[in-house]
Amino acid sequence: MAEAELLYKNPDQPLNVRIRDLMRRMTLEEKIGQMVQIDRAVASTEVMKKYLIGSVLSGGGSAPAKKASVETWVNMVNDFQKGALSTRLGIPMIYGIDAVHGHNTVYGATIFPHNIGLGATRQVYADPALVKRIGAATALEVRATGIPYVFAPCIAVCRDPRWGRCYESYSEDPKIVRAMTELIPGLQGDRPANVRKGVPYLGGQEKVAACAKHYVGDGGTNKGINENNTLVGRHELFSIHMPAYYDSIIKGVATVMVSYSSWNGVKMHANRELITGFLKNTLNFKGIVISDWEGLDRMTTPPKANYTWSIETGVNAGLDMIMIPYNYTEFIDGLTFLVKNKFIPMSRINDAVKRILRVKFVMGVFENPLADLSMKKYIGSKEHRELAREAVRKSLVLLKNGKSEKRPLLPLPKKATKILVAGIHTNNIGYQCGGWTIDWQGQGGNITLGTTILTAIKNTVDQETEVVYQENPDAKFVKSNKFSYAIVVVGEHPYAETNGDSLNLTIPDPGPSIIDNVCGAIKCVVVIISGRPVAVKPYVAKMDALVAAWLPGTEGQGVADLLFGDYGFTGKLPHTWFKTVDQLPMNVGDSHYDPLFPFGFGLTTKPTNAT
């Protein structure tokens, strides 16, 4: 058949005509290949061609090299794509990556504050315009590396800070989470009025397909245990955890990722009623429903105890694309067997493939399958770093300012004889970025390019001011040096997912002793770097000022902008700050609500030119 007669390759044809034309040409093998997403570590040009793979991903921290250049990323993605294009029908693959606070796996990219900080950027209800701009900037940096698809935003509603993913949630309040779905049009572009509700949308080659996750109830698990059971009634699930999905679908989100967690004992990956019944049929979502990483394996305890059952149950529940990520031949063989023996109807396979092709056509990958280096300039650009710095300024929450209201400590004077800067988080890019930064779990040290809080302080104070940096000073040192005041920066170490689950939420050592040694001796402001509210009640009386800085990312200058009064504090708590962990879970509106700092709390300061 001549090229001109291949309707699916003609961008002037209506979307549904292209889908129908391609699907009638496809074999079962080609259809199943489209449903497979594998990790880049096992992908190659040959694998893409031989197994007809539809999608590749970078798992957390999965990169072609530790400090891989933009060229290396683009060449890798293009190599996989060439394998896909060399197949009989030439269906392009799509490459996905976790860009959850900027293009966080790529060295030198701009790292924005994690979602919990963005949830604090508000005077009333969130700053959705800021989040939309962050989405647009992230899309440019992701596209610069040849990648068209991101697993973001996380629209979980974190109801218990003991959850290791709480920082991926904008707030305990579904209204804030709903407002922050503006990240989606930032990433994808604004859905035009003539695009039907529920149909995925992508506004050109400078945008990326987004993914609303994790459907549904992931932020409400028992005791905040990751991947655990969300024990709530239908009303609570639909009034707290579901509403942001309505907004995401209205905004044209391309994909929805299913949660590892269960709802009242039923694994979400197995929940046909909520995936097919509600998401697809009731909400009329026409994009791709994708599993989480090894989501099928984790449907059983222990994982992968009955993989054939997991494939059958998950695909019949409505999963369209399966994040394998390694054992793809086992999945392909298993699914082929189940379809040929009628355990999974062909109609279910066709539904999945139709959705995958719809997203691919909307993304324009048939017309523009290969990336180039024309967008390289966007990685870590000055404009994006300024935007991240603005986000840091708007996200910090001032919880205490002065031993009495009449004697505030902040803003700090820039002109001082000698100041002490202490704490293990003061000079550590990795700590201030948190998890999902370069590596899946994050790590300490100068893991990427950015400005540490210490450097920011030195940049900001008067050039005559002596800045003494001591990571862990003892009380004697503090008392004997005649410091004007001290800035202490302490908090949590980086973590992601289950590794971050914590039943005590204490600040790790030596954080508490640094607070005691410094704040017990001189005037101090304590800046907490954390992915959630942590146990600070025992130390608050000693502090003169307390700032929740969340996980601010690479632009530490935004912290100094507020401490020294170049800008005023405006952030408000997106989560209730507890007195003791025994109170948890405790959310605004609960009968036992007795917080240390309530939801929505945040002191303000005015910018000052005072020195």
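In this short talk I will go through the largest pocket, one tryptophan that lines it, and one glutamine.

Please keep in mind that this is a predicted model, in which local features need pLDDT of at least 70 and side-chain atom pairs count only at pLDDT 80 or more, while totals for chains, interfaces and linings use all residues. Residues are numbered from 1 along each chain as its sequence is written, and side-chain values use heavy atoms, with hydrogens and water left out.

Let me start with the pocket, meaning an open set of points on a 1 Å grid over the protein atoms alone, where a 1.4 Å probe fits, with protein on both sides within 12 Å along at least five of seven lines. The largest pocket holds about 330 Å³ of space, a volume being the space filled by probe spheres set on the points. It is lined by 21 residues (each with an atom within 4 Å of a point), and those closest to its centre are G60, W293, W436, W440 and E497.

Turning to W293, its C-alpha is 9.8 Å from that of G60, although the two are 233 residues apart in sequence. Leaving out residues up to four places away in sequence, W293 is in contact (heavy atoms within 4.5 Å) with residues including D39, Y260 and R298.

Finally, Q557 counts as buried (under 20% relative accessible area, 1.4 Å probe, protein chains only) because its relative accessibility is 11%. A polar atom of the Q557 side chain lies 3.5 Å from the backbone oxygen of A456, and A456 is also among the contacts of Q557 beyond four places in sequence, together with R389, T451, N459 and T460.

How values were computed:
Buried < 20%, exposed > 50% of the residue type's maximum accessible area, 1.4 Å probe, protein only. Polar contact = N/O pair within 3.5 Å; in protein donor to acceptor, adjacent residues only side chain to side chain.
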